[in-house]
Amino acid sequence: MGQPAHDTTTAESETPNGFSPTEAATPAPETTTSSPELTGAAAMFANDRASQHLGITVDDHGPGWAQCSMTVTEIMTNGHAITHGGYIFLFADTTFAMACNYPGSITVASGGDIDFLKPTYLGDELVARGHEVIKQGRSGIYDVTVTRGDDIIATYRGRSRTLPARK
């Protein structure tokens, strides 16, 4: 599936592709003057205030795949004391965005569908893994699986469109 064989839960120094919101938004001091501008997934996540506000983290990513994590908080629960589906959709959609934004590209969703398979609850730690199914020209299809431990709680299919370069 294009995902790494290594354990993405290791220390930050061992996951060179992973980044947190502050790492994505702030270049290291020693590289400020010579570092190129952020592109692709790093640039998108650096400005993604909604995902950052919900505590979504990018565990690891690369061209065509990504893994993100999120813990269900009180604000995310609905009147049935389960996670509101909109938050699960947003979580899966963020993972999709990380997978489809290649370096140097600006790629957006042209559509997305989700199937909710099991409920989640306050305090649940969720992991989403997304991968490219197919990319043809500027269009792509990506699948994301959202899990809680060994349980698959949702599946998401996103359709992407890479925007042409600005003139």
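**Warm-up**

How many of the residues in the protein chain are buried, as a percentage? Start with the ground rules: the model is predicted, local features need pLDDT of at least 70, side-chain atom pairs count only at pLDDT 80 or more, and totals for chains, interfaces and linings use all residues. Residues are numbered from 1 along each chain as its sequence is written, and side-chain values use heavy atoms, with hydrogens and water left out. Next, the term: buried means under 20% relative accessible area, exposed over 50%, and partly exposed in between (1.4 Å probe, protein chains only). With that cut-off, buried residues make up 40% of the 167 residues.

**Exercise 1: Lay out the fold**

Task: work out which helices and strands the chain has, and in what order the strands sit in the sheet.

Step 1. Helices (H or I, at least four residues) and strands (E, at least two) are DSSP runs, numbered from the N terminus. The chain has four helices and six strands, and along the sequence they read α-α-α-β-β-α-β-β-β-β.

Step 2. Two strands pair if DSSP finds at least two bridges between them. The six strands make an open, antiparallel sheet in the order 1-2-4-5-6-3. Strand 1 and strand 3 (107-116) are at the edges with a single partner strand each, so one side of each has no neighbour in the sheet. From one strand to the next, the twist averages 20°.

**Exercise 2: Zoom in on strand 1**

Task: find out how strand 1 is joined to strand 2.

Step 1. Strand 1 (residues 57-62) has five of its six residues buried, so the rest of the structure largely encloses it.

Step 2. Strand 1 and strand 2 (residues 65-71) run antiparallel, joined by five bridges. Val58 has Cys68 as its bridge partner, and Thr57 stands opposite Ser69.

Step 3. Look at the turn: this hairpin has two residues between the strands, and Gly64 takes a positive phi near 90°.

**Exercise 3: Check helix 4**

Task: compare the expected span of helix 4 with the distance between its end C-alpha atoms.

Step 1. The expected span is 1.5 Å times one less than the number of residues. For the 16 residues of helix 4 that gives 22 Å, and the end C-alpha atoms are 22 Å apart, which agrees.

Step 2. Now place the helix. Contact means heavy atoms within 4.5 Å. Axes are lines fitted to C-alpha atoms, for helices over the stretch in contact, and angles run from 0 to 180 degrees between N-to-C directions. Helix 4 lies across strands 1, 2, 3, 4, 5 and 6, running at about 150° to strand 2. Its buried residues include Ile88, Phe91 and Phe96.

**Exercise 4: Track the aromatic rings**

Task: find which residues form one aromatic cluster.

Step 1. Rings of Phe, Tyr and Trp (its six-membered ring) pair if their centres lie within 6.5 Å; planes under 30 degrees apart are stacked, over 60 edge-to-face, and the rest tilted. That rule gives three aromatic pairs. One of them is Phe89 with Tyr156, edge-to-face at 5.3 Å centre to centre and 70° between the planes. Phe89 is in helix 4 (residues 85-100) and Tyr156 in strand 6 (residues 151-162), 67 residues apart.

Step 2. Phe89 is partly exposed at 29%, while Tyr156 is buried at 2%.

Step 3. Phe96 and Tyr142 are also edge-to-face, at 5.7 Å and 65°. Phe96 lies in helix 4 and Tyr142 in strand 5 (residues 139-148), so this pair ties together parts 46 residues apart in sequence. Phe96 is buried at 1%, and Tyr142 is buried at 0%.

Step 4. Put together, Phe89, Phe96, Tyr142 and Tyr156 form one aromatic cluster.
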